[in-house]
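Visitor: I would like to go through this model with you, one question at a time. Could you keep the reasoning explicit as we go?

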Amino acid sequence: MPRPQIWCGSSSAYLLTWAVAMLPLGSLGDRYGRRRVMIASLAAFGAASAWAAWSGSAAMFIAARAAGGIAGAGIVVMAMSAVTVMFAEDERSRAVGVWAGVNFLALPTGPILGGWLLDRFWWGWVFLINVPVVVIALVAVVALVPESRGSDRGRLDLVGMTLFGGGLAGLVYGCAEAGTRGWGSAVVSAALLAGTLLLIVFALWQRRLTRGLPAAPVSARAREPLVDIGLFRIPEYVWGTVLAFLCSLAMIGVLFTLPQYFQAVLGVDSIGSGLRLLPLLGGLAVGATGAEPLTKTIGAKVVLVGGFAVLGAGLILGSATSTGNGFGFVSAWTSITGAGIGTVLATATAAASQPPPVSQAGGEAMIDAARADTVVEGSE
């Protein structure tokens, strides 16, 4: 099994490439076909998983994880885009809710399964288990997912891809290094500053391309922007993305703290810690699946306010946790917190995905990229 330092380095490489690749792959899906990019991403993810399991050196292992991050980004963005294409507007909220629930249930479920495999089998099975899942997913995509693509009005925006990739890489690297170097480190400060500046330049560049884009898709000389800046004039998209981001911060904080409490304070092993996250998973599932019918009945605004209220109540209750509390108390506040998180994430993501312009994969990629740093911070 790779040493802990190598394992942490490979996780950082995966998260870095995953975050950076989202928007470019979303643009490629819009141009060349989302189903085609999804199939390629699934195949690449399976190959990268096998490569990681049988890597002969630390460098090969980290390279395999980096390649898996790129493929994983393509899967996430194309899956969300497929949801918006396959379902009519009256069914899209429910579909997005289910997608959000499954997507965020996977984050805490992974450590449970991974810990069980590491305790009982060869460490490579942590990655090889992905291969049969990829095969099933490929069959499902080929059989069920229709091909779709956005407009193709000009050249690929390679400048925008470079600016976005460099900017997000700086932010992700800075957040990752802050866990070991500290937020006051010169390296961390430089990375965060450089990332922020590059993303500002990226936004200005996208604005320039959006303004100069011809009204009809006839110009082969003009660059097509990665993101239409007009998306940010749609209140549902802006607020949906912002609220999903804020809720993700809360979720990552809970997922970062609970395993340490279970293992360092209660003294349970990794599997026991994972099993104690099940109430949180149950709450997430209930909140994500119940958000859609509530939204239809009382409206998205009321559901979001209620979801944040439930989330806040769960966190306030959780702040009273001490060494003397039993599993029942922890289960109560984590299930309440999970219900609030699931409700907010499903509703906010659905709201951001409703307007027709956001059905493009580029818009979906922005929703996921906005949450990338929170995942990195929690992983560290």
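Guide: A residue is called buried when its relative accessible area is under 20%, exposed when that area is over 50%, and partly exposed in between. The model is a predicted one.

Visitor: Is Met22 buried or exposed?
Guide: Met22 has its place in helix H1, which covers residues 4–32, and the C-alpha atoms of Met22 and Met78, although 56 residues apart along the chain, are separated by 9.5 Å. Because its relative accessible area is 0%, Met22 is buried.

Visitor: How many helices and strands make up the secondary structure of the protein?
Guide: The protein has 380 residues, of which 49% count as buried, and it exposes about 17200 Å², with carbon and sulfur atoms supplying 69% of that area. Its secondary structure comes to 15 helices and 0 strands.

Visitor: Of the contacts in the protein with a separation of 6 or more, what percentage do residues 24 or more positions apart account for?
Guide: One example of residues far along the chain from each other is Leu138 and Ser41, which are 97 residues apart in sequence and 9.9 Å apart in space, C-alpha to C-alpha. Counted over the contacts with a separation of 6 or more, the share that comes from residues 24 or more positions apart is 79%.

Visitor: Which residues does Leu138 touch, not counting residues up to four places away in sequence?
Guide: Leu138 is found in helix H6, residues 130–144. At 22% relative accessibility Leu138 counts as partly exposed, because the buried class requires a value under 20%. Leaving out residues up to four places away in sequence, Leu138 touches Ile39, Leu42 and Ala43.

Visitor: Is Ala66 buried or exposed, and which residues is it in contact with beyond its neighbours within four places in sequence?
Guide: Ala66 belongs to helix H3, residues 58–86, and with a relative accessible area of 18% Ala66 is buried, since the cut-off for that class is under 20%. The C-alpha atoms of Ala66 and Ser11, which are 55 residues apart along the chain, are separated by 8.4 Å. Once its neighbours within four places in sequence are left aside, Ala66 is in contact with Ala13, Tyr14 and Thr17.

Visitor: How are the planes of Trp123 and Phe127 arranged in their aromatic pair?
Guide: The structure holds 6 aromatic pairs, and one of them joins Trp123 and Phe127, with 6.2 Å centre to centre and 85 degrees between the planes. Trp123 is buried at a relative accessible area of 13%, and Phe127 likewise counts as buried at 6%. Because planes over 60 degrees apart fall in that class, the pair is edge-to-face.

Visitor: Which residues form one aromatic cluster with Trp123 and Phe127?
Guide: The cluster includes Trp123, which is buried, and Phe127, which is buried as well. The residues that form one aromatic cluster with these two are Phe61 and Trp122.

Visitor: How do helix H11 and helix H12 pack, and which residues make the contact?
Guide: Two packed helices are described by the angle between their axes and the distance between the axes. Helix H11 (residues 278–298) and helix H12 (residues 300–318) pack at an angle of about 130 degrees, with their axes 7 Å apart, and that angle makes H11 oblique to H12. The contact is made by Leu294, Thr295 and Ile298 of H11 together with Ala300, Val302 and Val303 of H12. By class, the residues of this contact divide into 5 nonpolar, 1 polar and no charged.

Visitor: What is the relative accessibility of Thr337?
Guide: Thr337 lies in helix H13, residues 327–353. Not counting residues up to four places away in sequence, Thr337 touches Val254, Leu311, Gly314 and Leu315. Thr337 counts as buried, because its relative accessibility is 0%.

Visitor: What distance separates the C-alpha atoms of Leu171 and Ala194?
Guide: Leu171 lies in helix H7, residues 158–181, and counts as buried at 14% relative accessibility. Leu171 and Ala194 are 23 residues apart along the chain, and their C-alpha atoms are separated by 8.0 Å.

Conventions. Residues are numbered from 1 along each chain as its sequence is written. This is a predicted model: local features need pLDDT of at least 70, side-chain atom pairs count only at pLDDT 80 or more; totals for chains, interfaces and linings use all residues. Side-chain values use heavy atoms; hydrogens and water are left out. Rings of Phe, Tyr and Trp (its six-membered ring) pair if their centres lie within 6.5 Å; planes under 30 degrees apart count as stacked, over 60 as edge-to-face and the rest as tilted. Buried means under 20% relative accessible area, exposed over 50%, partly exposed in between (1.4 Å probe, protein chains only). Helices (H or I, at least four residues) and strands (E, at least two) are DSSP runs, numbered from the N terminus. Contact means heavy atoms within 4.5 Å. Accessible areas come from the Shrake-Rupley method with a 1.4 Å probe; for residues, only the protein chains shown count as cover. Axes are lines fitted to C-alpha atoms, for helices over the stretch in contact, and angles run from 0 to 180 degrees between N-to-C directions. Angles under 35 degrees count as roughly parallel, over 145 as roughly antiparallel, 65 to 115 as roughly perpendicular and the rest as oblique. Ala, Val, Leu, Ile, Met, Phe, Trp, Tyr, Cys and Pro count as nonpolar, Asp, Glu, Lys and Arg as charged, and the others, Gly among them, as polar.
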